[in-house]
Amino acid sequence: MTRTYQDLFVNNKKWVQEVTEQKPDFFNKLSAGQQPKFLWIGCSDSRVPAEKLTGALPGELFVHRNIANVVIHSDMSMLSVLDYAVNVLEVEHIIVCGHYGCGGVAVAMGNKQVGLIDNWLRYIKDVYRLHQDELNAIDDYHKKLDRLVELNIQEQVYGLTTTSIVQNAWSQGKPLEVHGMVYDLKTGLLNDLHISRTDSSVIDNVYRLEPEYV
Ligand code: CO
């Protein structure tokens, strides 16, 4: 259990001991640099730890997390992570991972004011509006929420494909795939939404950018 601030340091020492017993050169090797193949964009929710649930080791996932895993085109933090991951680390996979029962998505689906975060979650209301015919036809609250969680991932994956960063990577012939998945808190399992994108053919014309250098 991790309850107190001091627990973090006690657990850290234990972890270092365990890792070094199995692989004495683990930290030495890792300190030389990182070559992750994956960029993970997930929710900040404490129950969705990217490395734990994928079995990834340190050095294998480049991670960006925010509330309700949204890709907002004016978010400098997300854009910097994306640009660095694609153009410097040259990751081959970008994953947007949501989770069923996401509190952020639930707030966006409702009408209560929560505070500052309402502005951040406003983008998920846009997802609802885009898919309102389908969502309004679902009576069960939890089913509707889970479907909005999935549609939110679908729209964030789409949003990623329309960024100049991803479009330029594709026009330069870089092997880059964008994937969407949802984590189930009740089972611990990942649900692949099978919406992986590997080229710009899925992008609507209005979002298309001509290659940067011609
Ligand atoms: Co969440």
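Where does H6 bend, and by about how many degrees? You'll find the answer in Figure 3, once the overall picture is in place.

**About the model.** This is a predicted model, so local features need pLDDT of at least 70 and side-chain atom pairs count only at pLDDT 80 or more, while totals for chains, interfaces and linings use all residues. Residues are numbered from 1 along each chain as its sequence is written, and side-chain values use heavy atoms, with hydrogens and water left out.

**Figure 1. The whole chain, end to end.** The protein chain has 9 helices and 5 strands. These are DSSP runs numbered from the N terminus: helices are H or I with at least four residues, and strands are E with at least two. Walk along from the N terminus and the elements go α-α-β-α-β-α-β-α-α-α-α-α-β-β. The C-alpha trace spans about 55 × 50 × 30 Å along its principal axes. Of the 214 residues, 39% count as buried. Here, buried means under 20% relative accessible area, exposed means over 50%, and partly exposed is in between (1.4 Å probe, protein chains only). The chain exposes about 13,000 Å², and carbon and sulfur atoms supply 52% of that. Those areas come from the Shrake-Rupley method with a 1.4 Å probe; for residues, only the protein chains shown count as cover. Among contacts between residues at least 6 apart in sequence, 63% join residues at least 24 apart. A contact just means heavy atoms within 4.5 Å.

**Figure 2. The cobalt ion and its protein donors.** Which residues hold on to the cobalt ion as donors? They are Cys43 (SG), His99 (NE2) and Cys102 (SG), lying 2.0 to 2.3 Å from the ion. Donors are N, O and S atoms within 2.8 Å of the metal (3.2 Å for Na, K and Ca); water is not among the atoms, so sites may look incomplete. Written as a spacing pattern, the donor residues read C-x55-H-x2-C. Cys43 sits in strand S1 (residues 38-43) and Cys102 in the loop between strand S3 (93-99) and helix H5 (103-109), so the pair ties together parts that are 59 residues apart in sequence. Both Cys43 and Cys102 are buried. Now look at Asp45, in the loop between S1 and helix H3 (50-54). Asp45 counts as buried at 15% relative accessibility. Leaving out neighbours within four places in sequence, Asp45 is in contact with Arg65 and with the donor His99. The C-alpha atoms of Asp45 and Cys102 are separated by 8.0 Å, though the two residues are 57 residues apart along the chain.

**Figure 3. Helix H6 and its bend.** Here's that answer: H6 bends by about 30° at Tyr123. The bend is the angle between axes fitted to the seven residues ending there and the seven starting there. How far apart are the end C-alpha atoms of H6? They are 21 Å apart, which agrees with the 20 Å that the 14 residues of H6 (residues 117-130) should span at 1.5 Å a residue. That expected span is 1.5 Å times one less than the number of residues in the helix. The buried residues of H6 are Leu121, Ile124, Val127 and Tyr128. Their cover includes H5, helix H7 (132-136) and helix H8 (141-161).

**Figure 4. Inside the nonpolar cores.** In soluble globular proteins, nonpolar side chains tend to be buried together. The largest nonpolar core here has 47 residues, and those with the most contacts inside it are Leu39, Leu82 and Ile94. A nonpolar core is a set of buried Ala, Val, Leu, Ile, Met, Phe, Trp, Tyr and Cys residues joined through side-chain atoms within 4.5 Å. Which helix gives this core its largest share? That's H8, with 8 residues. A second, separate core of 10 residues includes Trp40, Val48, Ile95 and Cys97. Back in H8, you can also spot Gln156. Gln156 is buried, with a relative accessible area of 6%, and its contacts beyond four places in sequence are Asn69, Val70, Val71, Val96 and Val127.

**Figure 5. Two residues with positive phi.** Ala68, in the loop between strand S2 (61-66) and H4, has a phi near 70°, a positive value in a residue other than glycine. Glu90, in the loop between H4 and S3, also isn't a glycine, yet has a positive phi of about 55°. Are they buried or exposed? Ala68 counts as buried at 0% relative accessibility, whereas Glu90 counts as partly exposed at 47%.
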